[in-house]
Amino acid sequence: SAYLRDVEGAWSERTRAARLLARLGGDEFGVVIPAPAADSSALAVAEKLRASLVAPFAVQGLRLHVDA
């Protein structure tokens, strides 16, 4: 769907080049963080990505508000 492509694009911009972002299928995404300094580092990335969903997305002229 257009929305999931937009999410993927937004998340790609928010992850560093050292991280791998992949759309696993449907509405599932995976992020690989090689050797995070601490669990809090991985949690910070996850929260940053989840928070990016708060802003509405425009898809085919509609504004979508989504939360995870």
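Select Gly25 and Glu28 first: Glu28, in E2, is the bridge partner of Gly25. The model on screen is predicted; local features need pLDDT of at least 70, side-chain atom pairs count only at pLDDT 80 or more, and totals for chains, interfaces and linings use all residues. Residues are numbered from 1 along each chain as its sequence is written, and side-chain values use heavy atoms, with hydrogens and water left out.

**The E1–E2 hairpin**

Extend the selection to residues 20-25, strand E1, and residues 28-32, strand E2. These strands run antiparallel and are joined by five bridges. Two strands pair if DSSP finds at least two bridges between them. Element names follow DSSP runs numbered from the N terminus: helices are H or I with at least four residues, and strands are E with at least two.

Two residues lie between the strands of this hairpin, and Gly26 there takes a positive phi near 55°. Move on to Asp27, also in the loop between E1 and E2. Is Asp27 buried or exposed? Asp27 counts as exposed because its relative accessibility is 60%. On this scale, buried means under 20% relative accessible area, exposed means over 50%, and partly exposed lies in between (1.4 Å probe, protein chains only). Add Leu4 to the view: Asp27 and Leu4 are 23 residues apart in sequence, with a C-alpha to C-alpha distance of 6.9 Å.

**Phe29**

Stay in strand E2 and select Phe29. Phe29 is buried, as its relative accessible area is 18%. Which residues does Phe29 touch, leaving out those up to four places away in sequence? They are Leu4, Val7, Glu8, Trp11, Leu21, Ala22, Arg23 and Leu24. A contact here means heavy atoms within 4.5 Å. For Glu8, the C-alpha to C-alpha distance to Phe29 is 8.2 Å, at a sequence separation of 21 residues.

**The nonpolar core**

Now show the side chains of Tyr3, Leu4, Val7, Ala10, Trp11, Leu21, Phe29, Val45, Leu49, Leu53, Phe57 and Val59; these twelve residues are the largest nonpolar core. Such a core is a set of buried Ala, Val, Leu, Ile, Met, Phe, Trp, Tyr and Cys residues joined through side-chain atoms within 4.5 Å. Colour helix H1 (2-14), helix H2 (39-51) and E3, the elements that give two or more residues to this core. H1 supplies the largest share, five residues.

Within helix H1, pick Ala10. Ala10 is buried because its relative accessible area is 12%. Draw a line from Ala10 to Val45: their C-alpha atoms are separated by 13 Å, and their positions lie 35 residues apart along the chain as the sequence separation.

**Arg50 in H2**

In helix H2, select Arg50. Arg50 counts as partly exposed, since its relative accessibility is 31%. Its C-alpha atom is 9.9 Å from that of Val66, which is 16 residues away along the chain.

**The E3–E4 loop**

Go to Gln60, in the loop between strand E3 (57-59) and strand E4 (62-64). What is phi of Gln60? Phi is near 50°, a positive value in a residue other than glycine. Most residues other than glycine have a negative phi. Gln60 counts as exposed because its relative accessibility is 78%.

**The whole chain**

Zoom out and colour by element. The protein chain has two helices and four strands, in the order α-β-β-α-β-β from the N terminus on. Along the principal axes, the C-alpha atoms fill a box of roughly 40 × 20 × 20 Å. Of the 68 residues, 24% are buried. Among contacts between residues at least 6 apart in sequence, 34% join residues at least 24 apart.

Switch to a surface view. The protein chain exposes about 4800 Å², and carbon and sulfur atoms supply 56% of that area. Accessible areas come from the Shrake-Rupley method with a 1.4 Å probe; for residues, only the protein chains shown count as cover.

Finally, colour by charge: there are 8 positive and 8 negative side chains, and the centres of the two sets lie 6 Å apart. Lys and Arg count as positive and Asp and Glu as negative, without His and the chain ends. Each charge is placed at NZ of Lys, CZ of Arg, CG of Asp or CD of Glu.
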